[in-house]
Amino acid sequence: MTSARCPCRDLTASGELETYIDRVRRSLDEHLIIDASRLSFLDSSGLAVLLAAATLAKAHGAALHLAGLQPRVARILEITGSWPVVCTYDHVDQASAATER
């Protein structure tokens, strides 16, 4: 399991997010937990990066876990139909516990 705090406050810079995910992910078959509590905005390019990371993780038997989503970001996942693709939790410790099961 890889767990890291997202350094971004908004995801209009999808390249930055993609670089961040590539840097913190140790293995493709490892669950990736992102503390997104500081993330206040998510545009379509940022969403595409998250969905690509989730798809890659799933293809290798793992998942992308987002913790601490702010309401605006959660709403974007909901209205785009992306909610089922990522695992979401209120807190990082909940996401960590879920990956250990």
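Is L32 buried or exposed, and what is its relative accessible area? L32 is buried, with a relative accessible area of 0%; buried here means under 20% relative accessible area, exposed means over 50%, and partly exposed covers what lies in between, using a 1.4 Å probe and protein chains only.

Before we go on, a word on where the values come from. This is a predicted model, in which local features need pLDDT of at least 70 and side-chain atom pairs count only at pLDDT 80 or more, while totals for chains, interfaces and linings use all residues. Residues are numbered from 1 along each chain as its sequence is written, and side-chain values use heavy atoms, with hydrogens and water left out.

## The chain as a whole

The chain has four helices and six strands. These elements are DSSP runs numbered from the N terminus, with helices being H or I of at least four residues and strands being E of at least two. Along the sequence they follow the pattern β-β-α-β-β-α-β-α-β-α. The chain has 101 residues, and 43% of them count as buried. Its exposed area is about 5,400 Å², of which carbon and sulfur atoms supply 51%; accessible areas come from the Shrake-Rupley method with a 1.4 Å probe, and for residues only the protein chains shown count as cover. Take the contacts (heavy atoms within 4.5 Å) between residues at least 6 apart in sequence: 71% of them join residues at least 24 apart.

## Strands β3, β5 and β6

Our opening residue, L32, is found in strand β3. Both faces of β3 are covered, with L32 and I34 buried on one side and I33 and D35 buried on the other. The story is told again for β5, where L64 and L66 on one side and H65 and A67 on the other are all buried. Strands count as paired if DSSP finds at least two bridges between them. β3 and β5 run parallel and are joined by four bridges, whereas β5 and β6 pair in the parallel sense over three bridges. Here are some of the partners across these strands:

| Residue | Bridge partner |
|---|---|
| L32 in β3 | L64 in β5 |
| D35 | A67 in β5 |
| H65 | C87 in β6 |

L32 also has a neighbour to look up in the viewer: T99 is 67 residues away in sequence, and the two C-alpha atoms are 9.2 Å apart.

## The nonpolar core

A nonpolar core is a set of buried Ala, Val, Leu, Ile, Met, Phe, Trp, Tyr and Cys residues joined through side-chain atoms within 4.5 Å. The largest one has 22 residues, and I21, L50, L64 and L66 touch the most other members. At least two residues each come from α1 (14-24), β3 (32-35), α2 (44-59), β5 (64-67) and α3. The largest share, five residues, belongs to α2. Leaving aside residues up to four places away in sequence, I21 touches L32, I34, V49, L50 and A53.

## Two helices with a buried face

In α1, the buried residues are L17, Y20, I21 and V24. Seen down the axis of α1, they fall within an arc of 95°, so they line one face of the helix. The arc is that of the directions from the helix axis to the C-beta atoms. The face of α1 turned away from this buried side carries the exposed residues D22 and R23.

For α3, the buried residues are V73, A74, I76 and L77. Their arc, seen down the axis of α3, is within 155°, so they too line one face of the helix. Their cover includes β4 (41-42), α2, β5 and β6 (87-89). On the other side of α3, P71, R72, E78 and I79 are exposed. After α3 comes G81, whose phi is positive, near 75°.

## One salt bridge

Side chains of opposite charge can pair when their charged atoms come close. The structure holds one salt bridge, meaning a side-chain nitrogen of Lys or Arg within 4 Å of a carboxyl oxygen of Asp or Glu. Which residues form it, and how far apart are the closest N and O atoms? R75 pairs with E78, and those atoms are 3.6 Å apart. Both residues lie in helix α3 (residues 71-79), three residues apart, about one turn of the helix. R75 itself is partly exposed, with a relative accessible area of 46%.
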